[in-house]
Amino acid sequence: MILYLSLRTVGWLADNLLLFGTPLLCYRMTGDVSWSGTAVALLWTPRLVSLAGAGPLLDRLSIRHVFMLCDSVRLGVGAACSLAIVARPELGLPAVLTFAVVSGVLFEPTFVAGEKAGKLLAAPERAAGVQSALTALEQAAIIAAPALGGLLLLAPPVAFVLAASAGYAAGLLLDRALPTVRTTGGRIRLLSGVRHSLGDPLLRSVVVLTMLLNYLLGLVTGSAAELVSTAFGVSASGLSFVYSAAGVVSVVVVGAAPYLIRRFGLGRYGIGTALASGVTCLALTLAPTMTLFGACLGAFLALDSLFSVYMRTSRAERVPAEVFGSTVTVFALLAVVPVPLAGATLAVLGQHASPSLVLQAAAVGALLLMSVLSPSLARASRRPALASPMAGGTEPGPVRGGAVTVEPLRKETPPVLEMPEPLTPPPAPPPRVLVIEAVSGGALLAQEALRQGHSVVIASADTADRTIPEELRDRIEELVTVETNDSAALLSAVRELHARSPVSAVFPGCDVYVPTAARVAAALGLRGLDVTMVDRVRDKTRMREAVAAAGLRCPRFTEVTDVEQLPKAGEHVGFPCVLKPVDQSGSLHVTLVHNPAELAAAYRKLSGDPFIDLGRPMGERALVEEYLAGPEYSVEGYVLDGRTTVVAVTEKILGPEPHFAELGHTVPAPLPTGLEEEIGVYVEDVVRAVGLTVGPFHCEVRITAHGPVLVEIGARMGGDRITDLVKLARGVDLARVWLAALLGEPPEAAGTLAPAAPVAGVHFFTAPGADRFTGAAGLADVLALSGVRRARIDLAPGDPIHPPTDFRCRIGWAVFTAESHEAAAELRRRIDETLRINPAGGTHA
């Protein structure tokens, strides 16, 4: 991997040296802006032409052979041009341009091959890290290349050619790090790329904005040397160092892109950066001093980089995986066209008009076009992406292979109507929703999707506590039977499913599968959580680290993986403290301890528990953290278009310590004046810190003497019937909100409901001391109580009853509504008294 990263670095350094340095060198040699414009055109036109041929070349040669061929040719042409300049100095200009043209022709094949090599060389779990390293190295090359070019401009032209050739020579030595497999199995389908680039209203607008900004970028690159020379007396060599400084600004500013997108929403972020780029380009031509010119140039390049984040994000979200390559090819072809066009503009008009005037006219025109596009772009940002075309004509049937079984559960053949001519186009197929393990909130979400007329597919192991609910089994379109804890097997099964009939959105059935769903959605090119941050909402150690790094209130904590680490952990955190698993839920083994002996006993009990939850053992990773004294609440809300909305604060009714079993909930929580707002502000900060970008959240906090402090946050709807309580008391259906968010529908598509009552609650039935359930009496009487909406017993006679330490102690539940918190508390008491658990032999020790 180090050799591969080194290869990409030297390649980028050589390519950026030519991109930034060639126009400056041409202007230094001729003193004519027309020649620097010509250089821009000659640098980019070959790239444009060769992009269409990059795919077929990669179909025939391996990645290594593509790099070796391209580096060998560039090195050979560089050597020949160097010899020509030495032998006949008057050939310096044509020799430099020839070398730039040949290098441009061979840039795109190596770029496409290099991107594919990164995907092949990086293990799936390291993909994000490799991409981050590549981005950092590319930015470093963009910073270093102009500075190197500025130094080389002080030397004869042959030094410039030799320096770039040295980069390709180093690349030739490093090419052995690349794989020898071919990258694709077929030709790139450009027509599919055209359809997805221009058929999607959002992508069509993004393409036009990108073309406008690239045209301005080409004009700036081609005319900057003339502008600073005539206005400020700065040489081309000096300008190159300004480019490097501007590159540093771009690297720093781009780090703010995720925050800006979360703060303003992707659509407003994109429109804002595009308009700001046009304004700074115009300001650049009016700068009265070199200092202001450099500041405007840095701002323009930084905003251009920020817009690139928007462009890539929009493209990644809207384009299905199976046509991503063809769409990116077409997108790149259209986006690059304006750069050589800008060079040609300067070459033609440079003799008749000042570069400053040309750039001003272009900036004003671009701003007018951007203003016209802004409303349509905002509307398009709220529409769902185009569906990928289905592979023709195959009926879904049983597909078996290895541990994966796909069984169509329902196949309906619509009647065929013979009409002489269709009067209207056929209706679009309903969205196809994939739920990974429809347990807990996933079952609610699947039911809501079915109510909306969506097609629902469930991926599940369909065994033990992952068995599909019977009320869903006969209503869904397909059941993909697969070990959902095996990421490779699951992704393979979903890819096969998606190839037969595209999936529109991927949802986790519970918090365990939130990271899995995000990675599957990313692999299919669908909306979802950021895969580089999603583990923060599942792994409590990473969650704590992110919140602490953001400067928010957070308990002292440390992670342990064996008994030997406990003394040091207890000393660091202090007693009393809480021990909890790093990645479990349902209050499993969350225990308050007061001394090292209790801590060791609690850890042994945790790590030795044979309980299997959703096919996953308990494990040995645990968190030791500061005990937070104070009442506990949960906060229900969602993130949509970069905005965080808090819907409700839930009161949590807990069992006796040292455990934290949840025995009931009330929505909304009875809170003193001002506390709800304080909790909401803190939770919004937590949401930003962990990187939640879309969908619902369930955040648990404790109110301490210093204010709200995070217990944990999940990127999901609240369990324990909390979603029902929010709907009853607040009129917000979080399942609808989640469906709308990932299907790309506007927020108003989720709709609102009239609250059924001011307060809603759930009460869980328990039997402290009993170890086996023998039956219960009075359920009908509970249902007859005024305000009780639903009630159920979940255990059958003979089932074991777990001690009151976590969710497993619950026998059943009742959901109710009331007109006030006092009435809700009284109804809860009456529900508990009305249901009578039969006595059972034996008690828990």
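Two strands count as paired here if DSSP finds at least two bridges between them. With that in mind, let's walk through this predicted model, beginning with one such pair. Strand β11 (residues 632-640) runs antiparallel to strand β14 (residues 695-704), and eight bridges join them. To pick out one of these on your screen, find tyrosine 633, whose bridge partner in β14 is valine 701.

Now step back to the sheet around this pair. Eight strands make it up, and following them across gives the order β15-β14-β11-β12-β13-β16-β19-β18, with antiparallel pairing in an open sheet. Because β15 (707-714) and β18 (788-793) each have a single partner strand, they form the edges, and one side of each has no neighbour in the sheet. From one strand to the next, the twist averages 25 degrees.

Let's move on to a loop, the one that connects β4 (455-460) with α17 (470-473), where you will find threonine 467. Is this residue, threonine 467, buried, exposed or something in between? Its relative accessibility is 38%, and since partly exposed covers the range between under 20% for buried and over 50% for exposed, threonine 467 counts as partly exposed.

What surrounds threonine 467 is worth a look too. Leaving aside residues up to four places away in sequence, threonine 467 touches Asp462 and Arg473. A polar atom of the threonine 467 side chain also lies 2.8 Å from the backbone oxygen of alanine 464. Finally, look for valine 439: this residue is 28 residues from threonine 467 along the chain, and the two C-alpha atoms are separated by 8.3 Å.

Methods
Residues are numbered from 1 along each chain as its sequence is written. This is a predicted model: local features need pLDDT of at least 70, side-chain atom pairs count only at pLDDT 80 or more; totals for chains, interfaces and linings use all residues. Side-chain values use heavy atoms; hydrogens and water are left out. Helices (H or I, at least four residues) and strands (E, at least two) are DSSP runs, numbered from the N terminus. Buried means under 20% relative accessible area, exposed over 50%, partly exposed in between (1.4 Å probe, protein chains only). Contact means heavy atoms within 4.5 Å. A polar contact is a pair of N or O atoms within 3.5 Å; within protein, one must be able to donate a hydrogen and the other to accept it, and residues adjacent in sequence count only if both atoms are side-chain atoms. Axes are lines fitted to C-alpha atoms, for helices over the stretch in contact, and angles run from 0 to 180 degrees between N-to-C directions.
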